[in-house]
Amino acid sequence: MSETTSLTFEQELAAAPTAVYHAITNGAALREWLCTSSQVVPQVGGRIYLWWQRGYWVTGEFLQLVPGQEVVFSWRGRGETAVSQVNITLHPAAGGTNLSLTHASLPAGADATE
């Protein structure tokens, strides 16, 4: 059985949860802050494609979408043999939104790639 690991990041953002959700699930918004090119179909079972100028790309599928609260999608990047999962939860905060992102099922140990 392959060894896996997870990475978790938390950030407070000065924007409402609905605005943060839009920035994660909208192709034009993703291009403004994350990647060079993107295509998304923001529905469960819909695809997400992200591409960067340096040649790296990611493809995935939306697994869960709860507007203003949660986004979950699979992640398989260029040259990666395993499919991992990105879980993003959004919680209202006094200054905007608390975002928690966990990238799970990442290869670890001898199975990890650079």
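## Ser-105

In this predicted model, Ser-105 has a relative accessibility of 36% and therefore counts as partly exposed, since the partly exposed class lies between the limits of under 20% for buried and over 50% for exposed. Ser-105 belongs to strand 7, which spans residues 96-107, and its phi is positive, at about 65 degrees, although the residue is not a glycine.

## The sheet and its helix

Strand 7 is part of an open sheet of 7 strands, arranged in the order 1-7-6-5-4-3-2 with antiparallel pairing. Strand 1 (4-13) and strand 2 (37-40) stand at the edges, and because each has a single partner strand, one side of each is left without a neighbour in the sheet. On average, and with direction ignored, neighbouring strands are turned by 20 degrees against each other.

Within this arrangement, strand 5 and strand 6 run antiparallel and are joined by 6 bridges, with Phe-73 standing opposite Val-86 of strand 6. Helix 1 packs on the sheet, where it touches strands 1, 2, 4, 5, 6 and 7, and its direction makes about 160 degrees with that of strand 6.

## The nonpolar core

The largest nonpolar core holds 19 residues, of which Leu-50, Val-71, Phe-73 and Ile-88 touch the most other members. Two or more residues of this core come from each of helix 1 (17-25), strand 3 (47-51), strand 4 (57-66), strand 5 (70-77) and strand 6 (84-93).

Leaving aside residues up to four places away in sequence, Leu-50 touches Leu-30, Leu-34, Cys-35, Ser-37, Ser-38, Tyr-56, Trp-57, Val-58 and Trp-75.

Methods. Residues are numbered from 1 along each chain as its sequence is written. This is a predicted model: local features need pLDDT of at least 70, side-chain atom pairs count only at pLDDT 80 or more; totals for chains, interfaces and linings use all residues. Side-chain values use heavy atoms; hydrogens and water are left out. A nonpolar core is a set of buried Ala, Val, Leu, Ile, Met, Phe, Trp, Tyr and Cys residues joined through side-chain atoms within 4.5 Å. Buried means under 20% relative accessible area, exposed over 50%, partly exposed in between (1.4 Å probe, protein chains only). Helices (H or I, at least four residues) and strands (E, at least two) are DSSP runs, numbered from the N terminus. Contact means heavy atoms within 4.5 Å. Two strands pair if DSSP finds at least two bridges between them. Axes are lines fitted to C-alpha atoms, for helices over the stretch in contact, and angles run from 0 to 180 degrees between N-to-C directions.
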